[in-house]
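Here are some exercises to work through with the model open beside you. Try each task before you read its solution.

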2 protein chains.
Amino acid sequence: MKTINVGILGMGTVGSGVVKLLQDHAALLDRRVGARLRVRRIAETGTPRIAVDPKLLTTDAMEVINDPQVDIVVELIGGTSVARTLCLEAVQKGKHLVTANKALLAEHGLEIYQAAATKRVDLGFEASVCGAIPIIRSVREGLVANHIESIMGIVNGTTNYILTKMTETGQPFAEVLAEAQAKGYAEADPTLDVGGLDAAHKLQILASLAYNGYIRFSDIYIEGIQKVDAVDIAFARELGYRIKLLAIAKEDSGELEVRVHPTMIPDTHLLASVGGVYNAVHIRGDSAGSLMFSGRGAGQMPTASSVVADLVEIAHNIIFHRPSRVSLLPTGAMAEGVGLRPMERIRSRYYLRVMALDKPGVLSLVSGVLGENQISISSVIQKGRAEQAAVPVVMLTHEAVEGDMQKALKRINHLDAVAQDTVCIRVEGAED
Amino acid sequence: MKTINVGILGMGTVGSGVVKLLQDHAALLDRRVGARLRVRRIAETGTPRIAVDPKLLTTDAMEVINDPQVDIVVELIGGTSVARTLCLEAVQKGKHLVTANKALLAEHGLEIYQAAATKRVDLGFEASVCGAIPIIRSVREGLVANHIESIMGIVNGTTNYILTKMTETGQPFAEVLAEAQAKGYAEADPTLDVGGLDAAHKLQILASLAYNGYIRFSDIYIEGIQKVDAVDIAFARELGYRIKLLAIAKEDSGELEVRVHPTMIPDTHLLASVGGVYNAVHIRGDSAGSLMFSGRGAGQMPTASSVVADLVEIAHNIIFHRPSRVSLLPTGAMAEGVGLRPMERIRSRYYLRVMALDKPGVLSLVSGVLGENQISISSVIQKGRAEQAAVPVVMLTHEAVEGDMQKALKRINHLDAVAQDTVCIRVEGAED
């Protein structure tokens, strides 16, 4: 039986999971691969989380990359600086590469995809998006015969956990975040997650594959969940909606929208029931129709499951002398003139919460401003709260243009009868 | 650009969808495949549902198979007799084969898998299970690093439509079936669907892949939905459950259970909210954890989407001179001594509805019989209905052994105070 040698960069949580999986499932994998996947070398500067043969260990990542026996390099260091250099080095040395590093691919993917294409090596990154869910394969292979109409994903477990908890308990954001940090569900510096950047990284990767062209990370509109208020979650529920942080890619009339923001979806939508740290991706293809994929989006073994799936695919390619699938990588601009739609031109329904000092007066003023900006209201809830100076006036709009909404909001927030900035949440997944 | 020639057997609904998709998405597919997928020949004895160049048409399927230009044969005739002969002929002629024919693979798959392995041709059958959902790829490739603990699927749209409608309206089975037939959601002869056979076909294919060994169709326990009563759906709802026809494969202590039957699942379970003609598969892998895939399980374009995905994969293999993936087919007995667990030894929780003539007396008698068979009751609902001679006594049991339950049921049904056969529905997806 042929041996395929794997070099691992980074023996943290996921790296240890990969080594454990290769050990525990050696017999099963031998049989399914038709070759032995062997860990040949591991680079780690700290202490490995599981016991490994000390002879395999080195503190120098280049030793792993330069080892002529290593067939596949697995980058699990994270970050975009050292990891970028090492990934490019590995590819330059003709190594196949597997990575779970979404930030790296989202920010420097083009360089890496192009290098892999030039060197004709395989590049596996199933683990970079939604952990255990085989979403990369599904988009690239399973739905290859589709023009993708839309992708809507809950792709960040931390924010989904926080929003789910806020929905269940009514607690404010800061309190739930602190709890999540205490439980290890959120990082000490939670910016990457709660700010929507991690979700945007995954969206960049998925949308680039789905639309066959490299989307610049800086072109993605990003809004985090820091300002999501327990009050709005409660109103959303009353209206039959949930608030989720969604990563959205949508094609319409030859233009592509790519955006990450808190989004209201009807509680009957399949994504609405995806709670806690689970991830899910809802895709509409023009021939396949609506599909949904859900599962664990992070964690040691779910992520390792996808890393090893990539190792198996590349091992197959090696033992059968197949060329890599680099032809399917988004190595250039989007084909067929699909352009990105600027955020101000997207169309959406909106949830607005206006904090009114003088309720009856404000409703007429606000609806006037909206009307002047081609925005019509579909429903209004007014709740008086005696103790408060300002009372919330909640409304849902019909579909409107984002730029019009931003103009209207500026004017509404300047009204004397409006006590604080109006909350505005985009609504998806419902009929207008 | 290289041309890959496709020969299509059967130009019914799916065949027409495949031709349409190849035409409509020609530019997109050229780009993604790096080759042109061309329909070279079509065998159809009736009138094709869409306009095609008459020169492509023949009434003789062997003309398509014998055409030396044809690289890939797509079998969309259905049935297990003529289709079997033609598929084997195509493979013998060295053609790659794509089929959506679940009955054929479930009943004669071993022969076809072995022939494909011998002739080293590719065999694509993504469309045979759950229409547009890339479930074959996900099990075979995405979850390759997992020992699969369980598969639970809603894999038949007709029965899911009927059960969903019965749940929503409270109508009886026969009435909903008649409506479904009128709307074209159910066949004139609905046996294959409502009897659970179609679901069992799909289970045979999925479970054989997941457990790396060919499972005989006759070893699958099958129970249809014909006897599901609106009364039991109503009781299930009251208890917080839905009734779904589930295809189940579960491994436990080295034994595999494969069964299709009406099943009660908690209404919080992800599968519970999959309504109408949608399909969904819930999979637990030992490293990936729980995953769910849902989408359109049938229909012209969803099925064509998966057929064309297979064509693209095989086209890639041809243009890059890759060998086929036949090594991943279940061409023999299950590995590592995994045996099938006979139905009488499975463990399950159960819902029972005993029709009692004398309520207080019957509960003590029934619980006595259950206790003697190592079955303990977890909850009981008793509803008196004044007008009726017999009243329903509904109970949920803790986990018990199927054989014990069958023995107990026989005795319960012979009790003088029991007016008719007791309804027994297995319960899954809930903690005991």
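Domain bounds here come from an automatic or database domain assignment. This is a predicted model, in which local features need pLDDT of at least 70, side-chain atom pairs count only at pLDDT 80 or more, and totals for chains, interfaces and linings use all residues. Residues are numbered from 1 along each chain as its sequence is written, and chains are lettered from A and ligands numbered from 1 in the order in which they are written.

**Exercise 1. Find the domains of chain A.**

Solution. Step one: list the assigned segments. Domain 1 takes 3-131 + 300-336, domain 2 takes 142-294 and domain 3 takes 344-427. Step two: compare centres. Those of domain 1 and domain 3 of chain A, taken over C-alpha atoms, are 50 Å apart.

**Exercise 2. Work out which face of helix H2 of chain A is buried.**

Solution. Start with two terms. Helices (H or I, at least four residues) and strands (E, at least two) are DSSP runs, numbered from the N terminus. A residue is buried if 20 or more other C-beta atoms lie within 10 Å of its own, exposed if 12 or fewer, and partly exposed in between, with C-beta atoms placed from the backbone.

Next, pick out the buried residues of H2(A), residues 26-33: they are Leu29(A), Arg32(A) and Val33(A). Viewed down the helix axis, these fall within an arc of 90° (taken from the directions from the axis to the C-beta atoms), so they line one face of H2(A).

Then look for what this face meets. Contact needs C-beta atoms, placed from the backbone, within 7 Å. The buried residues pack against helix H1 (13-24), strand E2 (36-43) and helix H12 (300-319) of chain A. Finally, check what comes after the helix: Gly34(A) follows, with a positive phi near 75°.

**Exercise 3. Describe how chain A touches chain B.**

Solution. First, count: each chain, A and B, puts 45 residues into the contact. Second, locate the chain A side: H2, helix H6 (135-142), strand E12 (289-296) and H12 each give two or more residues.

Third, sort that side by class, with Ala, Val, Leu, Ile, Met, Phe, Trp, Tyr, Cys and Pro as nonpolar, Asp, Glu, Lys and Arg as charged, and the others, Gly among them, as polar. The result is 22 nonpolar, 16 polar and seven charged residues.

Fourth, follow the strands, which pair if DSSP finds at least two bridges between them. E12(A) and strand E12 (residues 289-296) of chain B run antiparallel, joined by five bridges. Within this pairing, Gly295(A) is opposite Leu291(B).

**Exercise 4. Which strands pair with E18 of chain A, and in what sense?**

Solution. Begin with burial: four of the five residues of strand E18 (residues 423-427) of chain A are buried. On to its partners. Strand E10 (residues 255-266) of chain A runs parallel to E18(A), with two bridges; here Thr263(A) is partnered by Arg426(A). Strand E14 (residues 347-356) of chain A runs antiparallel to E18(A), with five bridges, and Leu352(A) has Cys424(A) as its bridge partner.

**Exercise 5. Where in chain B does Cys130(B) sit, and is Cys130(B) buried or exposed?**

Solution. Place the residue first: Cys130(B) is in the loop between strand E6 (123-124) and helix H6 (135-142) of chain B. Now the backbone: its phi is near 60°, positive although the residue is not glycine. Last, count neighbours: Cys130(B) has 32 other C-beta atoms within 10 Å, so Cys130(B) is buried.

Note on methods. Two residues are in contact if their C-beta atoms, placed from the backbone, lie within 7 Å.
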